[in-house]
Amino acid sequence: MREVQGQVVVIGAGIAGLAAAHRLLERGARVTVLEASGRVGGKLLPGEVAGARVDLGAESMLARRPEAVALARDVGLADRLQPPATATASLWTRGALRPFPKGHVMGVPGTASALAGVVSEEGLARIERDAELPRTEVGDDVAVGEYVAERLGREVVDRLLEPMLGGVYAGDAYRISMRSAVPQLFQVARTHASLTEGVRELQAKAAAAQQTGPVFMGIRGGIGTLPLAVADSVRARGGEILPRTPVTELRRTPEGGWQIRSGEREWLADAVVLAAPAPAAARLLRAENPAAAAELDGVEYASMALITLAYRRSGTALPDGSGFLVPPVDGRTIKASTFASQKWGWIADENPDLVVLRTSVGRYGETEILQRDDTGLVEVSRQDLKAATGLDATPVATRVTRWDDGLPQYPVGHHARVARIREHVARLPGLAVCGAAYDGVGIPACIASAYAAVDQIRGDLRGVQELTAHPVQSLHGGAGE
């Protein structure tokens, strides 16, 4: 394994690109980061509503994986790390807010009784039949909704799995790859005839491991401050970050390096880390590697919007907990709501006179709702919030954040597509790819893929091979994205 020598250009300044730049500088490279937009951070975006600091994108990170929390500590945020003040969420289904069931793995129960009160008596009886059914073969991959419905019935998928996976991927459980999105369950499906038995085994192993500490972590001031701190660290180490610099061309040089162009500007690099979304990566690779570009063109994305609302605390009462998820089968417009002032203690501490919450709308294939203007999205959010919680006050401020094509989809066969992309890219020495389109959409997954890309440039393929074989599961942080 060699140290990274010479100049490396990172294309994309989302959390994956920034993490790659940070790691490259630690390994001795000279680094330039080129970002098409006017800011760093990608889907991590700090903002404000009614003067309150909030996240306008992702709001929490998985703490049971080391990458994100460790990076936050590395860039000086250790004293600002905070777990959720409450992790108790609800499910808005069958006309009422119901306690979110315990004793499940991503919505899949170990026993039928775990879902009592959420699914019908018929649904509970259907879960019990799992132990009697013959083994379901899953082959190389299977849609998680399809497999769970066959084992436990559609009610489990429609009431539990859909709202959880919809929050992580804004996707359709009946399309989402079990191997890529819920690798724990895929392994169970390959080794157990009974799904519920396998889930109970997972639960027993987790209990025996005695993992302590929070499952999720936030940052005082918002998760959106993480990329800003990483960017500051990159600059402090001598790296250069150039916003508003869309890369228009990526070419191999006769000497075996890389030529990167943005308009009339040009950079020469010994290596390139391509940390852009799949469509941009496809465009840049089309000339040098049309096979990789064709695979990247096949990655689909879902759009969504977050609606952040601030209310005067006096006269505003919300149910206890961090918020609620909404099964699509119930026919509501919003798919989740986070009671941000209750979930994050720092928001309540900084804004004692305000109650801040947010809703999310938009799933894969749903385009009509996102065509409404901001006023319409606020109104439909208020209507659903009133129906769910009784909240009828007028917000003092609102903010709508649209994430068009914001979440890559992981359909059946995604792992094979990623393996093909990396196989094609490996034919171009000094090039690696990383980001949410490959091994998991969560923050730790993006950082892990960035580190694997840096190792690949150094000649170490173990990280890439591990991620390709074992994607990072992205969990749901209670309520909301």
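These are my notebook entries on what I looked up in this structure, which is a predicted model.

**Entry 1: the whole chain**

I began with the overall build. I counted 17 helices and 22 strands in the chain. Next I looked up the extent of the C-alpha trace, and along its principal axes it spans about 70 × 55 × 45 Å. Does the radius of gyration agree or disagree with that of a compact globule? It agrees, because a compact globule of 481 residues would have a value near 23 Å, and the chain has 22 Å.

**Entry 2: the seven-stranded sheet**

I then followed an open sheet of seven strands, and I wrote down its order as β8-β7-β18-β19-β20-β17-β21. Its pairing is mixed. Which strands are at the edges? I found β8 (96-99) and β21 (397-408) there, each pairing on one side only. I also noted the turn between neighbouring strands of this sheet, which is 25° on average with direction ignored.

Helix α5 (residues 154-169) packs on this sheet. I listed the strands that α5 touches: β7 (89-93), β17, β18 (323-325) and β21. The direction of α5 makes about 115° with that of β7.

One strand pair got a closer look from me. β17 (residues 301-312) and β21 run antiparallel, and nine bridges join them. If you want a spot to click on, isoleucine 307 has valine 400 in β21 as its bridge partner.

**Entry 3: the three-stranded sheet**

My next stop was an open sheet of three strands in the order β13-β14-β15, with antiparallel pairing. Why is one side of β13 (249-252) and of β15 (265-269) left without a neighbour in the sheet? Both stand at the edges and have a single partner strand each, so one side of each stays without a neighbour there. Neighbouring strands here are turned by 20° against each other on average, again with direction ignored.

I took the β13 and β14 pair first. Four bridges join these antiparallel strands, and glutamate 249 has arginine 261 in β14 as its bridge partner. The two strands form a hairpin with five residues between them. In that turn I found glycine 256, with a positive phi of about 100°.

Then I moved on to β14 (residues 258-262) and β15, which also run antiparallel and are joined by five bridges. Tryptophan 258 stands opposite alanine 269 in β15, while serine 262 has arginine 265 in β15 as its bridge partner. How many residues lie between β14 and β15 in their hairpin? I found two, and glycine 263 in the turn has a positive phi of about 65°.

**Entry 4: the largest pocket**

After the sheets I went looking for empty space. The largest pocket holds about 1600 Å³. I counted 44 lining residues, and those nearest the centre of the pocket are Val105, Gln184, Val215, Gln473 and Leu475. Which helices and strands supply at least two residues each to this lining? My list reads β9 (104-105), α7 (183-191), α8 (195-209) and α17 (462-469). Sorted by class, the pocket lining has 23 nonpolar, 13 polar and eight charged residues.

**Entry 5: cavities**

Last, I checked for closed spaces. A search of the whole structure turned up three cavities of 30 Å³ or more. The largest cavity has a volume of about 80 Å³. I wrote out the residues that line this cavity: Val54, Asp55, Glu59, Thr308, Ala340, Trp344, Trp346, Ile347, Val356 and Arg358. Six of the lining residues are nonpolar, one is polar and three are charged. β4 (52-55), α13 (345-350) and β20 (354-361) each give at least two residues to the cavity lining.

I also marked a link back to my second entry: β20 is one of the strands in the seven-stranded sheet, and β20 supplies at least two residues of the lining of the largest cavity.

Conventions. Residues are numbered from 1 along each chain as its sequence is written. This is a predicted model: local features need pLDDT of at least 70, side-chain atom pairs count only at pLDDT 80 or more; totals for chains, interfaces and linings use all residues. Side-chain values use heavy atoms; hydrogens and water are left out. On a 1 Å grid over the protein atoms alone, a cavity is a set of points where a 1.4 Å probe fits but cannot get out, and a pocket is an open set with protein on both sides within 12 Å along at least five of seven lines; lining residues have an atom within 4 Å of a point. Grid points are joined across faces, edges and corners, and a volume is the space filled by probe spheres set on the points. Ala, Val, Leu, Ile, Met, Phe, Trp, Tyr, Cys and Pro count as nonpolar, Asp, Glu, Lys and Arg as charged, and the others, Gly among them, as polar. Two strands pair if DSSP finds at least two bridges between them. Axes are lines fitted to C-alpha atoms, for helices over the stretch in contact, and angles run from 0 to 180 degrees between N-to-C directions. Contact means heavy atoms within 4.5 Å. The radius of gyration is taken over C-alpha atoms; the globule rule is 2.2 Å times the number of residues to the power 0.38.
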